[in-house]
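Biologist: Please take a close look at a single part of this model, the packing of its helices, and then place it in its surroundings.

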Amino acid sequence: MDESITEAHLEAIADADPYPYWYEDADEPDSNPTLVRTISADLCVVGGGYTGLWTALLAKERDPSRDVVLIDSRQVGSAASGRNGGFMEASLTHGVANGQRRFPDELAILERLGLENLNQIEAAIGRYQIDCDYERTGVIDVATTRHAPSYFDELREDYAQLRQLGQRVELLDREAMQDQVHSPTYIGGLWRKDRASLVDPARLAWGLKAAAESLGVRIYEDTKATGLERDGVGVLIKTPLGRVRAGRVALGTNAFPPLLRRMGHFIAPVYDYCMVTEPLSPAQLESIGWLARQGLSDISNQFHYYRLTEDNRILWGGYDAIYHWRGEVNPDLESRPETWAILSRHFFETFPQLEGVKFTHVWGGVIDTSTRFCVFWGTAMRGRVAYAAGYTGLGVASTRFGGEVMLDMLDGRRSEATELEFVRSKPLPFPPEPFRFLGIQATRWSLDREDATGRRNLWLRLLDRMGLGFDS
Ligand SMILES: Cc1cc2nc3c(=O)[nH]c(=O)nc-3n(C[C@H](O)[C@H](O)[C@H](O)COP(=O)(O)OP(=O)(O)OC[C@H]3O[C@@H](n4cnc5c(N)ncnc54)[C@H](O)[C@@H]3O)c2cc1C
């Protein structure tokens, strides 16, 4: 174990429940029945995370007479959508720098569409009265003493670019940053003011489920799609105890083993971890400031994200992103004590004034990494099946856009989005094993080195040249 992890860091996590904090909620809905017969539908949505829920909801909003069924192998919101950090970012491209690198000619449009998408989510939360502690606080990207000094220059560059795009941003020097949130490690920040919100992720998923059902979407849980087959002019979706005959199929299965083999080339499942403290006392809160309650995220490659919950706990997550051999996805991997120990150390280095605070919940979840670090789309079976995946850990807002575009594809509808290179192009595929595993480990190691030294090594420069480089 990392030698700088002390007994105090371990004590802080010793009593934590290995369970997502967000599920400790009276609002958790009853589970829905399992599908045990053959049914038919105009549209079958596979996956009850945000991608699937938005697709089902939008399908009904567009055409209330459309018969829509949604199936999930577990419960709606039981995967990433119910257990994430709740940062709802307008960016569709996993940040403006990644968007600039990959889609420079479309960046202004993508930033506008991303903002419209966030506004549409906000409107839907109001329209369906989804009680999910939605707060449009913005997010501060923080530069810290833990990383190479050159990272603050990157914030300056981002600031210039975002200003050029007409966005409401403020560059914070050390003092201005400390005025917002007090940490001895902060050297500056970039506050993106109106393009990010915070939300209770599970209550958002459950609220979308209720909204979809209120429009007539039929939802089956504990119903895993095990195969897709052509069926006349439609598609047959097989499940262990039943079948759906559908005209169209939308796949929102994220990092889980895909139903279409081709999708497996483009996504790698990676585990991300978070934890939540006990509620802070008024004195503890005062010691950190944070009156504007922004989401915070440091700007290193292996970044942390953290925020206040409605009852003033701190959710603290990120840093490690773990890929397992052959892309294993398994509930056992949602637990990783060594990562929680590292996260605990980083937490107390950032907020030493919170010494003695305990974590009450620790958990993990799986995200779908793609080599372009943002969503991509595709169709199969002559346009009867569509998929949207690859969000790489920034899908709380962009999944709605993912679902909307998937629906455009299934409806054969041309829109501003469907004409974009962003939507029409695919990421580069990952190599097969063992190169996939080795490549991802080498990249993680190299990104960690870059965070410490500020220099991209030969491996990262090679990836950059191939269009695979990641820079948070
Ligand atoms: C710990 C953690 C923190 C995160 N923090 C943030 C954050 O703060 N901000 C942000 O933007 N993003 C964050 N993310 C990422 C974000 O949560 C995801 O991008 C988003 O929720 C993806 O939604 P989805 O619907 O595509 O996938 P999921 O929520 O994973 O849903 C997929 C669903 O498909 C179902 N399924 C899979 N296979 C089948 C099958 N064969 N048959 C039937 N059902 C199937 C699964 O059971 C699951 O419910 C985080 C993720 C994690 C794990």
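Modeller: Helices (H or I, at least four residues) and strands (E, at least two) are DSSP runs numbered from the N terminus, and axes are lines fitted to C-alpha atoms, for helices over the stretch in contact, with angles from 0 to 180 degrees between N-to-C directions. The model is predicted, with local features requiring pLDDT of at least 70 and side-chain atom pairs pLDDT 80 or more, while totals for chains, interfaces and linings use all residues. Numbering starts from 1 along each chain as its sequence is written, and side-chain values rest on heavy atoms, without hydrogens or water.

I shall centre the account on helix α2. The axes of α2 and helix α11 (residues 398–411) come within 8 Å and cross at roughly 50°. The two helices are therefore oblique to each other, the term for angles that are not roughly parallel (under 35 degrees), roughly antiparallel (over 145) or roughly perpendicular (65 to 115). Their crossing is right-handed; that is, the near helix is turned clockwise from the far one by less than a right angle, whereas an anticlockwise turn is left-handed. On the α2 side, Tyr-50, Thr-51, Trp-54, Thr-55, Leu-58, Ala-59 and Arg-62 make the contact (heavy atoms within 4.5 Å). Their partners in α11 are Thr-399, Arg-400, Gly-403, Glu-404, Met-406, Leu-407, Asp-408 and Asp-411. By class, this contact of α2 with α11 has six nonpolar, four polar and five charged residues, where Ala, Val, Leu, Ile, Met, Phe, Trp, Tyr, Cys and Pro count as nonpolar, Asp, Glu, Lys and Arg as charged, and the others, Gly among them, as polar.

Helix α2 (residues 50–62) also packs with helix α8 (residues 201–214), at an angle of about 30° and with the axes 9 Å apart. That angle makes α2 roughly parallel to α8. Here the crossing is left-handed. From α2, Tyr-50, Leu-53, Trp-54 and Leu-57 meet Pro-201, Leu-204, Ala-205, Leu-208, Lys-209, Ala-211 and Ala-212 of α8. The α2 contact with α8 comprises ten nonpolar residues, one charged residue and no polar ones.

Another helix pair lies elsewhere in the chain. Helix α1 (residues 7–14) packs with helix α10 (residues 337–350) at an angle of about 115°, their axes being 9 Å apart. This makes α1 roughly perpendicular to α10. The pair crosses in a right-handed sense. His-9, Leu-10, Ala-12 and Ile-13 of α1 make the contact with Trp-340, Ala-341, Ser-344, Arg-345 and Phe-348 of α10. Six residues of the α1 contact with α10 are nonpolar, two are polar and one is charged.

Phe-348 leads on to the loop between α10 and β16 (359–369), where Gly-356 is found. Leaving aside residues up to four places away in sequence, Gly-356 touches Glu-278 and Phe-348. The C-alpha atoms of Gly-356 and Asp-320 are 24 Å apart, with their positions 36 residues apart along the chain.

Two further loops have notable backbone geometry. Asn-254, in the loop between β11 (243–251) and β12 (268–277), has a positive phi of about 50° although it is not a glycine. Pro-434 is found in the loop between α12 (421–424) and α13 (435–453), and a cis peptide bond with omega of about 5° joins Glu-433 to Pro-434.
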